[in-house]
Amino acid sequence: MSQNVTIYHNPRCSKSRQTLELLQTRGLAPDVIHYLETPPDAQTLEALLSLLTMEPRDLMRQQEEIYTTLHLAQPDLTRAQLIQAMVDHPQLIERPIVIINGKAVIARPPENVLSIL
């Protein structure tokens, strides 16, 4: 059975590299999106959030300096503002995100991806 697999990948991240390797050792050839080079737009992020059943802050790397610099912890920020921050600063997006046949997971740890295979 053919599987439609996509990974939002950062090659500098060890967890992202491990996840990609795990997929490949399972015989999968994912579409690799280098999200730092080609960031997802707001509509794509909305779709990812829906697949992940997450809110925008749940998808953000809150330890990143830019998160603090942009004051993204402010509770009055709207969903649209948080998503736009990720569009403008894709390093805020948690990684790697894997989508397989319409199901998605953040593969931290990489073995999380096994839950959607």
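The legends below accompany several views of a predicted model of one protein.

**View 1. The whole chain, with four helices and four strands.** Read from the N terminus, the elements of this predicted protein follow the order β-α-β-α-α-α-β-β. The radius of gyration is 14 Å, close to the 13 Å that the globule rule gives for 117 residues, so the protein is as compact as a globular protein of that length. Along its principal axes, the C-alpha trace spans about 45 × 25 × 25 Å. Among contacts between residues at least 6 apart in sequence, 62% join residues that are at least 24 apart.

**View 2. The surface and the charged side chains of the protein.** The accessible surface comes to about 6600 Å², and 48% of that area belongs to carbon and sulfur atoms. Of the 117 residues, 42% count as buried. The protein carries 10 positive and 13 negative side chains, and the centres of these two sets lie 7 Å apart.

**View 3. Strand β1 and its two covered faces.** Five of the five residues of β1 are buried, so this strand is largely enclosed by the rest of the structure. On one side of the strand lie Val-5, Ile-7 and His-9, while Thr-6 and Tyr-8 lie on the other, and all of these residues are buried. Strand β1, which covers residues 5-9, pairs with two other strands: with β2 (residues 31-34) in the parallel sense over four bridges, and with β3 (residues 97-100) in the antiparallel sense, also over four bridges. On the β2 side of this pairing, Tyr-8 stands opposite Ile-33.

**View 4. A close-up of Thr-6 in strand β1.** Thr-6 has a relative accessible area of 15%, and because buried means under 20%, this residue counts as buried. When its neighbours within four places in sequence are left aside, Thr-6 is in contact with Asp-31, Ile-33, Ile-97, Val-98 and Ile-99. Among these contacts, Ile-97, Val-98 and Ile-99 are also buried residues of β3.

**View 5. Strand β3 and its partners β1 and β4.** Both faces of β3 are covered, with Ile-97 and Ile-99 buried on one side and Val-98 and Ile-100 buried on the other. Towards β1, Ile-7 stands opposite Val-98, and Ile-100 is the bridge partner of Val-5. Strand β3 also pairs with β4 (residues 103-106), in the antiparallel sense and over four bridges, and in that pairing Val-105 is the bridge partner of Val-98. Val-98 therefore has a bridge partner in β1, namely Ile-7, as well as one in β4, namely Val-105.

**View 6. The hairpin of β3 and β4, with Asn-101 between the strands.** Two residues separate the strands of this hairpin, and Asn-101 takes a positive phi near 50°. The strands that the hairpin joins are antiparallel and share four bridges.

**View 7. Two cis peptide bonds, each leading into a proline.** The peptide bond from Arg-95 to Pro-96 is cis, with omega near -15°, and Pro-96 has its place in the loop between α4 (79-88) and β3. The peptide bond from Arg-108 to Pro-109 is likewise cis, with omega near 5°, and Pro-109 lies in the segment after β4.

**View 8. Positive phi values at Thr-53 and His-71.** Thr-53, which is not a glycine, nevertheless has a positive phi near 50°. This residue sits in the loop between α2 (42-52) and α3 (65-69), and with a relative accessibility of 73% Thr-53 counts as exposed. His-71, also a residue other than glycine, has a positive phi of about 55°, and its place is in the loop between α3 and α4.

Note on methods. Residues are numbered from 1 along each chain as its sequence is written. This is a predicted model: local features need pLDDT of at least 70, side-chain atom pairs count only at pLDDT 80 or more; totals for chains, interfaces and linings use all residues. Side-chain values use heavy atoms; hydrogens and water are left out. The radius of gyration is taken over C-alpha atoms; the globule rule is 2.2 Å times the number of residues to the power 0.38. Buried means under 20% relative accessible area, exposed over 50%, partly exposed in between (1.4 Å probe, protein chains only). Contact means heavy atoms within 4.5 Å. Accessible areas come from the Shrake-Rupley method with a 1.4 Å probe; for residues, only the protein chains shown count as cover. Lys and Arg count as positive and Asp and Glu as negative; His and the chain ends are not counted. The place of a charge is taken as NZ of Lys, CZ of Arg, CG of Asp or CD of Glu.
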